[in-house]
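Here's a quick tour of a few local features worth pulling up in your viewer. Have the sequence and coordinates to hand.

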Amino acid sequence: MKWTGEAFHKKAIVVVSFGTTYAEARKASIESIEEKMRAAFPGYEVRRAFTSRMIIRCLAERDGIQVDNERQALDRLLADGFREVYIQPLHIIAGEEYEKIRNIVNEYKDSQKFCRLELGRPLLYYMGQEELPDDYLAVIDALDIMTDANEAVVLMGHGGLHPANAAYAALQLKLQDAGKQNVFVYAVEGFPTLQQVVGQLQRTGVKKVRLQPFMLVAGSHVLKDMEGEDEGSAKSVLTAAGFELEIKRHGLGENPAIQAAYVRHVKDVMNKSAGHSSNYK
């Protein structure tokens, strides 16, 4: 099948994330990245998708906001005549949610319904090997973390059971190699743990800790797991350990340099796919 004319030239970028029910966080992070995509790729329509069915359902029932999941977004693009589509996930690591998207993208590629369908990489993926970019160093530079001998920074990631959770430990090593000796990473659900970070902080002798999320949006995890009043929150644990605490509440998606990193990932996959032959002959 050969695609010509308007149908072939209708192009789109789908910005897909787990999603959030917090309107301010959605606007500050997800919508800001979408706007950067529109500015960087004026010939493409930019659409949104969430992978969390629970968040999609909550937004529909509570706010009357309709958001497609990743499969619905692709089906809608097909119905609207788009045949060149790039999917850019806003996930931090190549974990379970990213794997779900990749499997669906592969399914649609196998069906050859699109002329070109490509998936970008999450924020942390390449490590600078084989002439590929170092996503970890790019993120470290974007964070622009400065500390002194009496201060440390603690980054709270999400984590999980997926093997890709090892990205947080890799980030810790990359931070050390970059000379960020008083910067520590932990995962709410996985390794490294908050208790391990507390032990590391105590060994450094620092008195002040700046706590900030290493998550796309400042949503429920930030409000509950990071700065909540529960005794298990990071705020409670670090305060009980005797540290003077400063809390930064901004998600990664609010950082212009992180927004630019996601744009670069789209450019990378576009450049890569440009050298590949079409699915259609």
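## A threonine in a loop

Is Thr51 buried or exposed? This is a predicted model, and in it Thr51 has a relative accessibility of 1%. Buried means under 20%, so Thr51 counts as buried.

As for where to look, Thr51 sits in the loop between strand S2 (45-50) and helix H3 (53-63). Leaving aside residues up to four places away in sequence, Thr51 touches Val16, Ser17, Phe18, Glu70, His91, Glu97, Lys100 and Ile101.

## Two helices side by side

Two packed helices are described by the angle between their axes and the distance between the axes. For helix H4 (residues 70-79) and helix H5 (residues 96-111), the angle is about 30° and the axes are 10 Å apart. Angles under 35 degrees count as roughly parallel, so that label fits H4 and H5. The crossing of H4 past H5 is right-handed.

Which residues do the touching? On the H4 side they are Glu70, Arg71, Leu74, Asp75 and Leu78, and they meet Lys100, Ile104, Glu107 and Tyr108 of H5. Sorted by class, this contact has 4 nonpolar and 5 charged residues, with no polar ones. Two names here come back from the loop above: Glu70 and Lys100 are also among the residues that Thr51 touches.

## Aromatic pairs

A pair of aromatic rings is described by the distance of the centres and the angle of the planes. The model has 5 aromatic pairs. One of them joins Phe41 and Tyr44, an edge-to-face pair with 6.0 Å from centre to centre and 80° between the planes. Both Phe41 and Tyr44 are buried. Ring pairs also tie Phe41, Tyr44 and Tyr86 into a cluster.

Then there's Tyr125 with Tyr126: the ring centres are 5.1 Å apart and the planes sit at 75°, so this pair is edge-to-face too. Tyr125 is partly exposed, at 34% relative accessible area.

## Backbone oddities

Most residues other than glycine have a negative phi, and most peptide bonds are trans. Gln112 goes the other way, with phi near 55°. Gln112 is in the loop between H5 and strand S4 (116-119), and at 39% relative accessible area it is partly exposed. Glu131 also has a positive phi, of about 65°. Glu131 lies in the loop between S4 and helix H6 (135-143), and it is exposed, with a relative accessible area of 82%.

Lastly, check the peptide bond from Phe191 to Pro192: it's cis, with omega near -5°. You'll find Pro192 in the loop between strand S6 (183-187) and helix H8 (194-204).

Note on methods:
Residues numbered from 1 in each chain as written. Predicted model: local features only at pLDDT ≥ 70, side-chain atom pairs only at ≥ 80, totals over all residues. Heavy atoms only, no water. Axes fitted to C-alpha atoms, helices over the stretch in contact; angles between N-to-C directions. Helix = DSSP H or I, 4+ residues; strand = E, 2+ residues; numbered from the N terminus. Parallel < 35°, antiparallel > 145°, perpendicular 65-115°, else oblique. Left-handed = near helix turned anticlockwise from the far one by under 90°. Contact = heavy atoms within 4.5 Å. Nonpolar A, V, L, I, M, F, W, Y, C, P; charged D, E, K, R; others polar. Phe/Tyr/Trp six-rings, centres within 6.5 Å; stacked < 30°, edge-to-face > 60°. Buried < 20%, exposed > 50% of the residue type's maximum accessible area, 1.4 Å probe, protein only.
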